[in-house]
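This report goes through selected local features of one protein model, part by part. Please keep the sequence and the structure open while reading.

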Amino acid sequence: MKRIAFLLTLAITANNILFAQDAVESVDSSSKPKFTPSEVSTLKMASTNQGEPGKLNYKQKVKYAQNTLDAGNYYDAMELYKELNEKKPSDLSLLYNMAESYRLARDYKTAEKFYKKVLDGDASKYPLAKYYYAQMQKMNGDYEGAKKTFNEFTSTQSGSEEVKSQLRHAKVEIDGCDSAIAQANAAAKYKVTHLEAPLNKPRTDFAPYTANENTLYYASINDDSVLNGSLHKSGMLISHIYVANKVNGQWVQGSPVAAPINSDTIHTGYPVITKDGKRMYFTQCGSAQGENEIRCKIYVSTFENGVWTKPKALNEKVNKAESDNTQPSVVQGTDNDTLYFSSNREGGKGGYDIYYSVVNKGGFAAEPVNLGDAVNTEWDERTPHYWSRKGTLFFSSNGHPGFGGFDNFSVKGNGKTWADVKNLGTPVNSSADDLDFTVGEDDKKIFYLVSNRPGIIGLKSETCCDDIFQANYTFIPTIAVTGALKEREDSSSIGPMSGARIEVYDITEGTPRLIKADSVTTSNYFVPVQAEKKYSVKFMKAEHFPQYIEVSTLEMEESDTISKDVTLDKIIKNKNYTLGNIYYEYKSTELTAQSKVTLDTLYSLLMENPSIVIELSSHTDSIASEEYNLKLSQDRAQSCVDYLVSKGIDVNRLIPKGYGESQPIAPNSIGKKDNPEGRAKNRRTQYKVIGELKRKGDKIQFEE
């Protein structure tokens, strides 16, 4: 099986595009015609016009077409089979190979038509024809028809290893059809738009990466006169890394990144840059001297003195021999980079898997870790992109149920543990191939992806080639906080409560900002909130202690209701309540900053109950004399009162009382041994409600 491990297999010649989706050989054609060595020599002499067959007889043309298809020259193969089909329109082997050439060139509509002709002839000779016919139905958006055909295919008797594999995959495809049908009318979460020319051009544009909101790196397989002025000497166009800038809100045509990043002899793509802008990781793909098979490796270049240095291949832990290692995504840490990438090395789950490796700043890569069954499947997982802020990995796969060939997925995790994989849905995913979902402008919820869906700038068909698309996240989830309101008089008496008041504060930026105040007339509350926010909700009622709850919607991507029951404790007169975290400097009456934060909760209680009078008491342990401790505690109680008065509380509602060491709640010593824990408990600040200020006529009087 011939593999070129870019996004999919990509290569372009002077007069055609060579495209393979990890190019699958046709194993159904049991009688593939192959050339003998002598025939190869004859064909070379007979071939003219840049590889077009010259005066060949019919059998030679059949062999030539087969070799052209096997070599990955799908557009040339299509033209050859068209000519052969005109002479023998009922030849099933020609029809099947014609369907194969259109499928591999990603002309789904034409491929579907020719697979149907094969099935109408003699489907038993080509057991995979039904599978691929169903796949083309699916990729043309006929999910009901595809599901029916896939189900028919699952009754096929096992044959070759490829048939067995596709029988297993058909079940995934059926699940994908069901998902597409179920979500046909679902609300779209993204608005997807095609990036028009001149950024997207004919042939293939892929691997978008935004260094900042005005700088976009990407890869493109197009004639590049900047590098070499013409086609590569082999007749093949080479993919290069480009960089584009945004002018007046629009991306303009990109320019190739200067050497030594790009090369005029090997494919270069998939650029990613560390957050500090000092390291670029990317992929280069080429063939060794005398070898036909193309292999891909991941390289790193450092930015020094305003230029990128000569790239260095990462060590063989990442660039494992006899495998493709490609499509890096980097997360920069304090000392190391975490590199996610795709590889088809031995020991994986099957096909291409996603791995991660820790790479130090010197470029040494640790042994890669396979992301495991939670992410990888028997088939292909590609184009990883890790979103650090959300702890989310985006990747593409044809092994998880999807709407087309490759779909974009997301999964939350940290490298070792992963949650459930989620399909990003339409319109991010289509019935075609959709890959390379990456974060663009995080704060504006702008993303990018690559697709060959209709609407691309295509050379041969409406789905032949990949273009870059922009995806704006537009979904606004409906989120609310709700729950029961209860009151508690003591530990055994809890019941429903009504008549509470609510204040909602936005604390996303740190400083609380009041956004809503409301009254609740029932024993249940309901507060609508927004996504991407943090809230503090305050519940209040006269003669009750206020209660706070915090709510975060930062990680919520779906509409949901957050349930939180709230219980308010009723204030009991003459009961001591301890204020935690009231601290002073050693032998000082000055309040610490933390103490003031704690007293602010008491301030809220006094504001919510504007008539109550409290005694605010301070207690010490037994160190020092009783007289000293009594004065110290009185002064400390007065400090608390002074702080509350400074915030606007009527001094007549606050009675400072210092008790010194006279009311311990724990022993200061046990026998002759000091008891530090007991002393800490005794050093406390308390308050109790001792009465109310009530108006009688034109006077306000204290009443117990």
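Threonine 592 sits in the loop that runs between strand S35 (577-579) and helix H9. The model is predicted, and the values below are computed from it. Is threonine 592 buried or exposed? With a relative accessible area of 19%, threonine 592 is buried, because the cut-off for that class is under 20%. Its side chain makes a polar contact of 2.8 Å with the side chain of serine 595. Threonine 592 is also 9.5 Å from asparagine 581, C-alpha to C-alpha, with their positions eleven residues apart in sequence.

**Helices H9 and H10**

Serine 595 belongs to the buried set of H9, together with Thr598, Leu599, Leu602, Ser604, Leu605, Leu606 and Glu608. The 16 residues of H9 should span 22 Å at 1.5 Å a residue, and the end C-alpha atoms lie 23 Å apart, which agrees.

H10 covers residues 626-646, and its 21 residues should span 30 Å at 1.5 Å a residue. The end C-alpha atoms of H10 are 30 Å apart, so expectation and model agree. Which residues of H10 are buried? They are Asn629, Leu632, Ser633, Arg636, Ala637, Ser639, Cys640, Val641, Tyr643 and Leu644. In an α-helix there are 3.6 residues a turn, so residues three or four places apart point the same way. The cover over the buried residues of H10 includes helix H9 (593-608) and the strands S36 (612-619), S37 (654-660) and S40 (685-696). Cysteine 640 has a relative accessible area of 0% and is therefore buried. Just after H10, glycine 648 adopts a positive phi of about 110°.

**Aspartate 621**

The loop between S36 and H10 holds aspartate 621. Its relative accessibility is 7%, so aspartate 621 counts as buried. The side chain of aspartate 621 is joined to that of arginine 683 by a polar contact of 2.6 Å. Leaving aside residues up to four places away in sequence, aspartate 621 touches Asn629, Glu661, Asn668, Arg679, Asn682 and Arg683. Of these contacts, Asn629 is one of the buried residues of H10.

**Disulfides**

How many disulfides does a search of the whole structure find? The search finds two. With bonded cysteines counted along the chain, the pattern is 1-2, 3-4.

| Disulfide | S to S | Torsion about S-S |
|---|---|---|
| cysteine 285 to cysteine 296 | 1.8 Å | about 110° |
| cysteine 464 to cysteine 465 | 2.4 Å | about -95° |

The torsion of about 110° makes the disulfide of cysteine 285 and cysteine 296 right-handed. This pair links distant parts of the chain, eleven residues apart: cysteine 285 is in strand S11 (residues 279-286) and cysteine 296 in strand S12 (residues 295-304). Both cysteine 285 and cysteine 296 are buried.

For cysteine 464 and cysteine 465, the torsion of about -95° makes the disulfide left-handed. Cysteine 464 is buried, at a relative accessible area of 0%. Cysteine 465 likewise counts as buried, at 0% relative accessibility.

**Nonpolar core and aromatic residues**

The largest nonpolar core contains 64 residues. Which residues have the most contacts inside this core? They are Tyr81, Tyr96, Tyr115, Phe150, Phe437 and Phe447.

Phenylalanine 150 touches Tyr131, Ala134, Gln135, Lys138, Ala170, Glu173, Ile174 and Cys177, with residues up to four places away in sequence not counted. One of these contacts, cysteine 177, is buried, with a relative accessible area of 0%.

Across the whole structure, a search finds 28 aromatic pairs. Among them is the pair of tyrosine 96 and tyrosine 115: the ring centres are 6.0 Å apart and the planes stand at 70°, so the pair is edge-to-face. Tyrosine 96 is in helix H4 (residues 92-104) and tyrosine 115 in helix H5 (residues 108-122), so the pair ties together parts 19 residues apart in sequence. Tyrosine 96 is buried, with a relative accessible area of 0%, and tyrosine 115 counts as buried at 0% relative accessibility. One aromatic cluster is formed by Tyr96, Tyr115, Tyr126, Tyr131, Tyr132, Phe150 and Phe153.

Notes: Residues numbered from 1 in each chain as written. Predicted model: local features only at pLDDT ≥ 70, side-chain atom pairs only at ≥ 80, totals over all residues. Heavy atoms only, no water. Helix = DSSP H or I, 4+ residues; strand = E, 2+ residues; numbered from the N terminus. Expected span 1.5 Å × (residues − 1). Buried < 20%, exposed > 50% of the residue type's maximum accessible area, 1.4 Å probe, protein only. Contact = heavy atoms within 4.5 Å. Polar contact = N/O pair within 3.5 Å; in protein donor to acceptor, adjacent residues only side chain to side chain. Disulfide = S-S within 2.5 Å. Core = buried A, V, L, I, M, F, W, Y, C linked by side-chain atoms within 4.5 Å. Phe/Tyr/Trp six-rings, centres within 6.5 Å; stacked < 30°, edge-to-face > 60°.
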